[in-house]
Amino acid sequence: MSSPAPRANAAPVTRYHADREQLAEVLAGQPRYRLDQVWAGLYQRFETPDELSNVPKALRADLTAALPEALQLVTEQISDRGDTVKFLWELHGGSRIETVLMLYPDRATVCVSTQAGCAMGCGFCATGQAGFTRQLTTGEIVEQVIRAARRARELERRVSNVVFMGMGEPLANDAAVWATVERLHGDVGMSARHLTISTVGLVPGIRRLAERPLPVNLAVSLHAANDRLRDELVPINKRYPLAELTEACADYLRAKNRRLSFEWALIDGVNDRPSDARELAAISRRLPLPAHVNIIPLNPTPGWPTRGTPRAGVEEFRSRLEDLGVNVTVRRNRGTDIDAACGQLAAGQPVVLSTLRARPDTD
Ligand code: SF4
């Protein structure tokens with residue numbers, strides 16, 4: 001038995017990159033029912049080939065050799081409360097990415113990376129500052145989910161949700177991200193409403209997503225609701241300013257009738273002012289369905305000139321938004337003790353706000 005040949009210009013065939021046709025090549029000469037057996041073992045029971053108890057032992061060894069894993073575990077860290085597990089993986093070629101498993105009372109969510117590094121250059125993000133290395137393959141993204149699901153099972157939990165919100169900009173790698181969505185939906189059996197794709201605001205990507213058949217949730221990392229501040233925090237805003245982004249979000253909602261959330265990393269004195277709340281509420285009101293705002297207090301970053309809003313300011317911002325009729329949740333800053341914010345572990349440095357300075361409210 002040999003590994004299936006990659007298709008022209010295609011990524012190497014790893015365990016969760018192989019589609020059914022490629023797995024059939026690996027299983028050539030076996031009875032036809034083997035394909036379904038192996039596929040169900042991989043995607044429904046999250047078994048490794050050597051755990052496939054309904055498959056002959058020699059075949060298990062052959063499958064292990066023909067379908068290598070794409071991710072090598074470097075470290076796994078678990079938060080003090082035991083409800084956040086962070087994996088640092090090494091990819092073929094040496095790049096490192098991370099995956100976070102978050103255990104809530106009512107659900108278990110995996111946050112996956114979609115690129116090694118990121119080209120978007122957001123000023124507050126360690127991943128962005130480290131630059132872009134390469135796109136992840138479908139197999140590398142799917143494997144993050146399956147291996148986190150295996151870990152969740154050891155903790156007697158079942159992964160219910162996947163968010164494409166780790167390192168990288170998912171809509172800058174949308175072919176691999178969409179193939180992952182299809183695999184998770186069609187083979188793992190996850191509902192589209194439990195899958196969320198985030199974007200920093202790539203308008204053409206949002207428009208392509210609106211044409212895809214499955215109505216996944218869209219999360220937009222907004223962080224600022226006027227172009228002047230957003231240009232600084234999220235440089236892609238210069239190419240796709242807020243008016244265009246809001247229109248693309250509105251069209252997505254009309255096409256999918258799905259939940260849209262705005263992510264808002266709250267930065268002390270930068271985007272937590274009364275005027276920020278008002279501008280954010282105004283953008284929400286322009287959408288055909290109300291957006292849900294997730295406030296993310298930034299991880300503490302000792303030694304840097306700007307910092308996350310202190311707790312009292314977070315509560316004030318939240319109640320301001322609520323008074324303006326906006327649905328809002330303050331996300332607990334999961335994994336502060338294990339640096340679980342995007343990009344921090346792989347980049348080996350804290351989130352940096354070096355280019356930002358507190359500014360007065362425009363009131
Ligand atoms: S915040 Fe997201 S989009 Fe921006 S640089 Fe970091 S990983 Fe890329």
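How near do the axes of α7 and α9 come, and at what angle do they cross? I took this up first in the predicted model.

**Entry: α7 and α9**

I find that the two axes come within 9 Å and cross at roughly 10 degrees. Angles under 35 degrees count as roughly parallel, so α7 is roughly parallel to α9. I then listed the residues that make the contact. From α7 they are V203, I206, R207, L209 and A210. From α9 they are E244, L245, E247, A248, D251, Y252, A255 and K256. Sorted by class, the residues of this contact comprise eight nonpolar and five charged, with no polar residue.

**Entry: the buried side of α7**

Which residues of α7 are buried? In this helix, which spans residues 203-211, I note V203, G205, I206 and L209 as buried. I next asked how they are placed around the axis. They lie on the same side of α7, because the arc they cover is only 160 degrees. A general rule of helix geometry is relevant here: with 3.6 residues a turn, residues three or four places apart in an α-helix point the same way. I also looked up what covers these buried residues. The cover includes α6 (174-188), β8 (195-199), β9 (217-221) and α9 (242-256). Of the buried residues, V203, I206 and L209 also appear in the contact with α9.

**Entry: the ligand shell**

I turned to the ligand and recorded nine residues around it. C118, C122, C125, G128 and G168 come nearest. By class, I enter six nonpolar and three polar residues for the shell, and no charged ones.

**Entry: T109**

Is T109 buried or exposed? T109 sits in strand β4, residues 108-111. Its relative accessible area is 5%, and T109 is therefore buried. Leaving aside neighbours within four places in sequence, I list V100, L101, M102, Y104, N161 and V163 as its contacts. For one of these, V163, I looked up the separation from T109: 54 residues in sequence and 7.1 Å in space, C-alpha to C-alpha.

**Entry: H292**

I closed with H292, which belongs to strand β11, residues 292-297. The relative accessibility of H292 is 17%. The cut-off for buried is under 20%, so H292 counts as buried. With neighbours within four places in sequence left aside, H292 is in contact with R259, L260, S261 and F262, and also with N327, V328 and T329.

Definitions and conventions
Residues are numbered from 1 along each chain as its sequence is written. This is a predicted model: local features need pLDDT of at least 70, side-chain atom pairs count only at pLDDT 80 or more; totals for chains, interfaces and linings use all residues. Side-chain values use heavy atoms; hydrogens and water are left out. Buried means under 20% relative accessible area, exposed over 50%, partly exposed in between (1.4 Å probe, protein chains only). Helices (H or I, at least four residues) and strands (E, at least two) are DSSP runs, numbered from the N terminus. The arc is that of the directions from the helix axis to the C-beta atoms. Contact means heavy atoms within 4.5 Å. A residue is near a molecule or strand if one of its heavy atoms lies within 4 Å of it. Ala, Val, Leu, Ile, Met, Phe, Trp, Tyr, Cys and Pro count as nonpolar, Asp, Glu, Lys and Arg as charged, and the others, Gly among them, as polar. Axes are lines fitted to C-alpha atoms, for helices over the stretch in contact, and angles run from 0 to 180 degrees between N-to-C directions. Angles under 35 degrees count as roughly parallel, over 145 as roughly antiparallel, 65 to 115 as roughly perpendicular and the rest as oblique.
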